[in-house]
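Colleague: I am new to this structure and should like to understand the reasoning behind its description. May I put some questions about the terms used?

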Amino acid sequence: MLVTGNDILVPARAGRYGVPSFNTNNMEITQAIIHTAERLRSPVMVQMSEGAIKYGGQDLANIVKDIAGRATIPVALHLDHGSSYESALKAIKMGFTSVMIDASHHPFEENVRETRRVVEAAHAMGISVEAELGRLGGIEEHIVVDEKDAFLTDPEEAVQFIEQTGTDYLAIAIGTSHGAYKGKGRPYIDHARIEKIAQLTTIPLVAHGSSGVPAEIVGRFRASGGEIGDAAGIADEDLQRATGHGIAKVNVDTDLRLASTVAIREVLQQNPKEFDPRKVFGPARDLMGQIVEHKLRVLGSVGKA
Ligand SMILES: O=C(COP(=O)(O)O)N(O)CCCOP(=O)(O)O
Ligand SMILES: [Zn+2]
């Protein structure tokens with residue numbers, strides 16, 4: 001059933017498990033996410049960025065809402081990285097049940113103002129809100145403190161921000177970053193910072209940039225003709241530690257992108273005569289389903305629905 005983000009994330013924070021929020025850009029990705037979560041009795045969030053809305057629009061939102069609405073598990077449709085009040089309102093009109101306003105690149109006061117505006121409007125319509133404080137970016141473990149503090153989320157500021165905005169959940173910068181290159185080797189995650197923020201706050205916390213970029217998928221990506229550099233993702237153990245300390249929403253996009261591309265490349269390479277799209281997109285859906293299953297198990301949300 002289609003629910004709000006709070007319906008999923010408040011229990012997750014209380015239960016000290018994480019719920020993945022997977023990005024979607026088409027029907028097969030959406031099916032892989034929701035059908036796998038339903039099979040494993042897990043709540044799940046499906047998110048569309050502004051790029052996905054540009055690409056699939058109301059058609060794609062309707063596919064997500066329809067599959068979510070018929071599912072027997074809680075599913076939220078979330079706007080990822082909404083860049084403005086207008087973008088958040090547009091998503092709510094499209095039927096999203098959770099919206100992010102990402103004003104983290106603005107100074108604190110402006111971020112508060114922008115976020116509070118969206119919170120007031122969204123709450124009036126029963127929609128949950130995610131905001132962001134601090135800026136994503138991989139950090140090298142040896143990085144000097146003041147530089148690291150320059151963009152990681154300050155725990156005291158987080159308390160102020162939540163009080164002043166009323167946001168339902170908060171994306172925090174803790175060393176993760178978007179994409180396939182999250183640092184040299186195992187990215188450094190500032191667990192002390194997560195635990196400090198969790199001690200001072202009660203709302204669900206969000207980790208962006210949480211794809212694992214599994215070596216096996218990267219190897220198959222290369223073997224099937226893909227070009228990718230020194231890719232690295234977030235270790236499962238880091239996610240498990242973080243979800244035990246307040247992280248309730250875990251964003252994953254890159255892993256699904258890599259898996260779908262690997263499956264498509266492999267099918268076309270091994271079957272040069274193939275041109276039935278179902279024979280190409282079907283295996284992509286299956287491999288993405290395996291990625292979804294792994295994440296649900298790592299984050300501990302299996303059986304929570
Ligand atoms: O946190 C993440 C993804 O993290 P990941 O790269 O580690 O999967 N996201 O919010 C996904 C952002 C996707 O935006 P766009 O559709 O514009 O490319
Ligand atoms: Zn993100």
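Colleague: What makes the pair formed by D80 and ligand 1 a polar contact?

Modeller: In this predicted model, an N or O atom in the side chain of D80 is 2.7 Å from an oxygen atom of ligand 1. The cut-off for such a pair is 3.5 Å, so the pair counts as a polar contact. S49 also places a polar side-chain atom 2.7 Å from an oxygen atom of ligand 1. For H208 the corresponding distance is 3.3 Å, which is again within 3.5 Å. The protein covers 82% of the 480 Å² of accessible area that ligand 1 has on its own.

Colleague: Why is the shell around ligand 1 described by class as having four charged residues?

Modeller: Asp, Glu, Lys and Arg count as charged, and the shell has four residues of that class, with eleven polar and one nonpolar. In total, 16 residues surround ligand 1, and D80, K182, S211, D253 and T254 are the closest.

Colleague: How do you know which residues coordinate the zinc ion (ligand 2)?

Modeller: A donor is an N, O or S atom within 2.8 Å of the metal. NE2 of H81, NE2 of H178 and ND1 of H208 lie at 2.0 to 2.1 Å, and therefore these residues coordinate the zinc ion. Their spacing in sequence is H-x96-H-x29-H.

Colleague: Why can H178 and H208 be said to tie parts of the chain together?

Modeller: H178 lies in the loop between β6 (169-172) and α8 (191-200), and H208 in the loop between β7 (205-207) and α9 (215-223), so the pair ties together parts that are 30 residues apart in sequence.

Methods:
Residues numbered from 1 in each chain as written. Chains lettered and ligands numbered in written order. Predicted model: local features only at pLDDT ≥ 70, side-chain atom pairs only at ≥ 80, totals over all residues. Heavy atoms only, no water. Near = heavy atom within 4 Å. Polar contact = N/O pair within 3.5 Å; in protein donor to acceptor, adjacent residues only side chain to side chain. Areas by Shrake-Rupley, 256 points an atom, 1.4 Å probe, with all protein chains shown as cover. Donors = N, O, S within 2.8 Å, 3.2 Å for Na, K, Ca; no water. Helix = DSSP H or I, 4+ residues; strand = E, 2+ residues; numbered from the N terminus.
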